[in-house]
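Got your viewer open and your mouse ready? Let's take a walk through this model, one selection at a time.

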Amino acid sequence: LNHLPMKKISLLSVIIVSTIFTVNAQQPKNNSIFKVYEPGYFQNSILKGIDDFEKKDEVAPPAKTFKVDVAGLDIPSSKDQFKSFWHNDPVSQGNTNTCWSYSSTSFFESEIYRTTKQKVKLSEMYTVYWEYVERAKAFVEKRGNSAFSEGSEGNAVTKIWKLYGIIPYDDFTGLKPGQVFQSHEKMFGEMSAYLKTVKETNAWNEEEVVATIKSIMKHYMGEPPTTITVNGKVMTPKEYLADVLKLNLDDYIDVLSYMQQPFWNKVEYEVPDNWWHNKDYYNVPLEDFMKVIKNAIKKGYTVCIGGDVSEAGFLAREANAAIVPAFDIPSDYIDDNARQFRFSNQTTTDDHGMHIVGYMEKDGKTWFLVKDSGSGSRTGGKELNKNFGYYFFHEDYVKLKMMDCCVHKDAFKDYLKKFTK
């Protein structure tokens, strides 16, 4: 172009500019939209291929589990075979370790019906929320030397209700919109990580720690109300407990049976979930422990129980049942020593809390109908499992593996005079 005469250059420029404007004038305008794309080849093929390759060495083959063979066992087949007492339908605890709240809440719902004929559904997560608050306070007070975990004991419910009262389920479900099952994995992980930092930095400001724990819970499960409206009347949770439910929590007794503490004394249940070291357990010999449970359920009291659910005779998937097979220990040999032996060597642990809601007699032995909040009793789903949410416990299983129970004091009155303290 440097050699073209200036006149030709000007003419060329005019032609180019004119052409551009002509083309632009002919090009139609385009509209825009927002689109959401489904996962494509990158996600479905490339990333999946990488993920499958990296995880193929991490996936262990299904492990074999040693269980008693159910073939030939004479086990109850339906919950309808049992004489049962009023209780709400089983509720799932989801992906949480809060059976202690579900079992005890169910127990007290039955007690409220037994004493007042009111059918109520109470909030398990209300209790869980305030239990975490109390544990955070203890963590600060003990400078990190107080266990902070999801698990607790059934009598944590009475402890929390005395402090904070209780509310109906519909006033605080602990579920976010659209959420079907409880899941505390992420929430608990955040709270644990935060408290670890508190301990590492000596940031022992109780008000700040409790506020942070509450803020984490608010994100995942919401915030419980300070007042509720019942029958048109505004009241606090403590007023609801006293004035509507009319439940006297001092009427309930926790019964324990193990040899490592003296019998006929109120003692501490020495397990991690008794994190506040409660010493109000009435420790009785095994024979009396079984009499308390049997007499209570046969007189119309339901019973809250806690113990181990990990034995070869625990047939959750096979039969919704629990027995003690002869190859474990013959029935006649189940005594205080056999029970303590398993607790001391930790083959009996404080696994799970449940609610005895019925019983039946079969071949001279008592079977208990047990309402459950865990996943084992729900194998197959409601469509395939007609006993969904229930277990059938043979009395030998309770005798060997259930460590404690909670009953109304009237079901224990014959034993109270034997206690020295």
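**Stop 1: the largest cavity.** Select Tyr 102, Ser 103, Ser 106, Lys 371 and Ser 373: of the 15 residues that line the largest cavity, these lie nearest its centre. Keep in mind as you look around that this is a predicted model. The cavity here has a volume of about 90 Å³, and the structure holds two cavities of 30 Å³ or more.

Next, colour α3 (99-116) and β10 (352-362), which each supply at least two residues of the lining. Which element gives the largest share? That's α3, with five residues. If you colour the lining by class, you should get three nonpolar, six polar and six charged residues.

**Stop 2: the second largest cavity.** Now pick Thr 98, Trp 100, Val 128, Glu 131, Tyr 132, Ser 149 and Glu 150, which line the second largest cavity. Its volume is about 30 Å³. Show helix α4 (residues 124-141) as well, since three of the lining residues, the largest share, come from this helix. By class, this lining has three nonpolar, two polar and two charged residues.

**Stop 3: strand β10 and its partners.** Go back to β10, which you coloured at the first stop. Is this strand mostly buried or mostly exposed? Ten of its eleven residues are buried, so β10 is largely enclosed by the rest of the structure.

Add its pairing partners one by one:

- Strand β1 (residues 83-84) pairs with β10 in the antiparallel sense over two bridges. Click on Ser 84 and then on its bridge partner in β10, Gly 358.
- Strand β7 (residues 303-307) runs antiparallel to β10, and five bridges join them. Here, look for Gly 307 with its bridge partner His 352 in β10.
- Strand β11 (residues 365-371) is also antiparallel to β10, with seven bridges joining the two. To see the match-up, select Ile 356 and find Val 370 of β11 standing opposite.

Stay with that last pair of strands for a moment. β10 and β11 form a hairpin with two residues between them. Zoom in on the turn and click on Asp 363, which has a positive phi of about 55°.

**Stop 4: the cysteines.** Try selecting the cysteine sulfurs. How many disulfides does a search of the whole structure find? Zero. Start with Cys 99: the nearest cysteine sulfur, that of Cys 304, is 9.2 Å away. Cys 99 is buried, with a relative accessible area of 10%.

Then jump to Cys 406. Why is there no bond from its sulfur to the closest cysteine sulfur? The closest one, in Cys 304, is 6.2 Å away, which is too far for a bond, because a disulfide needs the two sulfur atoms within 2.5 Å. Cys 406 also counts as buried, at 10% relative accessibility.

**Stop 5: a buried arginine.** For the last selection, find helix α11 (residues 336-344) and click on Arg 342 within it. Is this arginine buried or exposed? Arg 342 is buried: its relative accessible area is 10%, and the cut-off for buried is under 20%. To see what surrounds it, leave aside its neighbours within four places in sequence and show Asp 328, Ile 329, Thr 347, Thr 348 and Leu 400, which are in contact with Arg 342.

Definitions and conventions: Residues are numbered from 1 along each chain as its sequence is written. This is a predicted model: local features need pLDDT of at least 70, side-chain atom pairs count only at pLDDT 80 or more; totals for chains, interfaces and linings use all residues. Side-chain values use heavy atoms; hydrogens and water are left out. On a 1 Å grid over the protein atoms alone, a cavity is a set of points where a 1.4 Å probe fits but cannot get out, and a pocket is an open set with protein on both sides within 12 Å along at least five of seven lines; lining residues have an atom within 4 Å of a point. Grid points are joined across faces, edges and corners, and a volume is the space filled by probe spheres set on the points. Helices (H or I, at least four residues) and strands (E, at least two) are DSSP runs, numbered from the N terminus. Ala, Val, Leu, Ile, Met, Phe, Trp, Tyr, Cys and Pro count as nonpolar, Asp, Glu, Lys and Arg as charged, and the others, Gly among them, as polar. Buried means under 20% relative accessible area, exposed over 50%, partly exposed in between (1.4 Å probe, protein chains only). Contact means heavy atoms within 4.5 Å. Two strands pair if DSSP finds at least two bridges between them.
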